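Please open the structure in your viewer and set the display to show secondary structure. The tour proceeds by selection, with a description at each stop.

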Amino acid sequence: MRLALCAAICFAPKLRTTPLLVVASLLNAALLAALAACVVSGVMVSGAVLPAFGLYATGYFFWNPLHAASAKVLLALLLIHVAVNVRRIAAIARFCRGRILFKSRLVNGEVCA
């Protein structure tokens with residue numbers, strides 16, 4: 001973490017930053033934190049994962065609400081992420097659709113009607 005922070009400070013003057021890039025980076029960092037919280041709390045709440053390793057997590061009344069809250073935050077951030085990147089997602093979908101349609105019309109190297 002410290003290395004990443006030092007690299008960001010060292011290379012920040014050389015990078016071109018725009019407000020949209022800053023917002024996207026903050027959104028991605030928030031998504032990563034929410035995903036990590038959701039995964040860790042999900043493992044701690046789970047009644048199957050930890051006992052399989054012979055471990056037991058105390059504090060169910062802490063992990064269960066944390067898991068519920070982090071899952072809701074993660075879902076909200078994912079919706080915002082999709083809304084911010086809808087043009088990029090549409091461009092990728094158009095590109096992939098064209099490639100899939102083109103490949104599906106080829107049979108033994110010949111174009112089918």
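The stops below go from the whole chain to a pocket, a surface patch and a loop.

**The whole chain**

Begin with the entire chain, bearing in mind that this is a predicted model. The chain contains 5 helices and 2 strands. Followed along the sequence, these elements are arranged as α-α-α-α-α-β-β. Of the 113 residues, 11% count as buried.

**The largest pocket**

Next, select Thr18, Leu20, Leu21, Ala24, Val84, Asn85, Arg87 and Arg88, the residues that line the largest pocket. The space in this pocket amounts to about 180 Å³. Which helices each supply at least two residues of the lining? They are α2, residues 19-45, and α5, residues 86-104. Helix α2 provides the largest share, with 3 residues. Colouring the lining by class will show 4 nonpolar, 2 polar and 2 charged residues.

**The nonpolar surface patch**

Keep Leu20 and Val84 selected and add Ile80; these three residues form a nonpolar patch on the surface. Together they present about 280 Å² of accessible area. Leu20 and Val84 are also among the residues lining the largest pocket, and it is therefore useful to examine each of them in turn. Centre on Leu20, which lies in helix α2. Is Leu20 buried or exposed? Its relative accessibility is 61%, and because the threshold for exposed is over 50%, Leu20 counts as exposed.

Move to Val84, which is placed in helix α4, residues 60-84. Val84 has a relative accessibility of 44% and counts as partly exposed, because this class covers values between 20% and 50%. From Val84, draw a distance to Leu27: the two C-alpha atoms are separated by 9.7 Å, although the residues are 57 apart along the chain.

**The loop after α2**

Finally, select Gly47, which is found in the loop between α2 and α3, the latter spanning residues 49-52. Is Gly47 buried or exposed? With a relative accessible area of 65%, Gly47 is exposed, because that value lies over the 50% cut-off. A second distance may be drawn here, from Gly47 to Ala57. These residues are 10 apart along the chain, and their C-alpha atoms are separated by 9.2 Å.

Methods:
Residues are numbered from 1 along each chain as its sequence is written. This is a predicted model: local features need pLDDT of at least 70, side-chain atom pairs count only at pLDDT 80 or more; totals for chains, interfaces and linings use all residues. Side-chain values use heavy atoms; hydrogens and water are left out. On a 1 Å grid over the protein atoms alone, a cavity is a set of points where a 1.4 Å probe fits but cannot get out, and a pocket is an open set with protein on both sides within 12 Å along at least five of seven lines; lining residues have an atom within 4 Å of a point. Grid points are joined across faces, edges and corners, and a volume is the space filled by probe spheres set on the points. Helices (H or I, at least four residues) and strands (E, at least two) are DSSP runs, numbered from the N terminus. Ala, Val, Leu, Ile, Met, Phe, Trp, Tyr, Cys and Pro count as nonpolar, Asp, Glu, Lys and Arg as charged, and the others, Gly among them, as polar. Patches are made of residues with over 30% relative accessible area and no salt bridge: like charges are joined within 9 Å, nonpolar side chains (Val, Leu, Ile, Met, Phe, Trp, Tyr) within 5 Å. Accessible areas come from the Shrake-Rupley method with a 1.4 Å probe; for residues, only the protein chains shown count as cover. A salt bridge is a side-chain nitrogen of Lys or Arg within 4 Å of a carboxyl oxygen of Asp or Glu. Buried means under 20% relative accessible area, exposed over 50%, partly exposed in between (1.4 Å probe, protein chains only).
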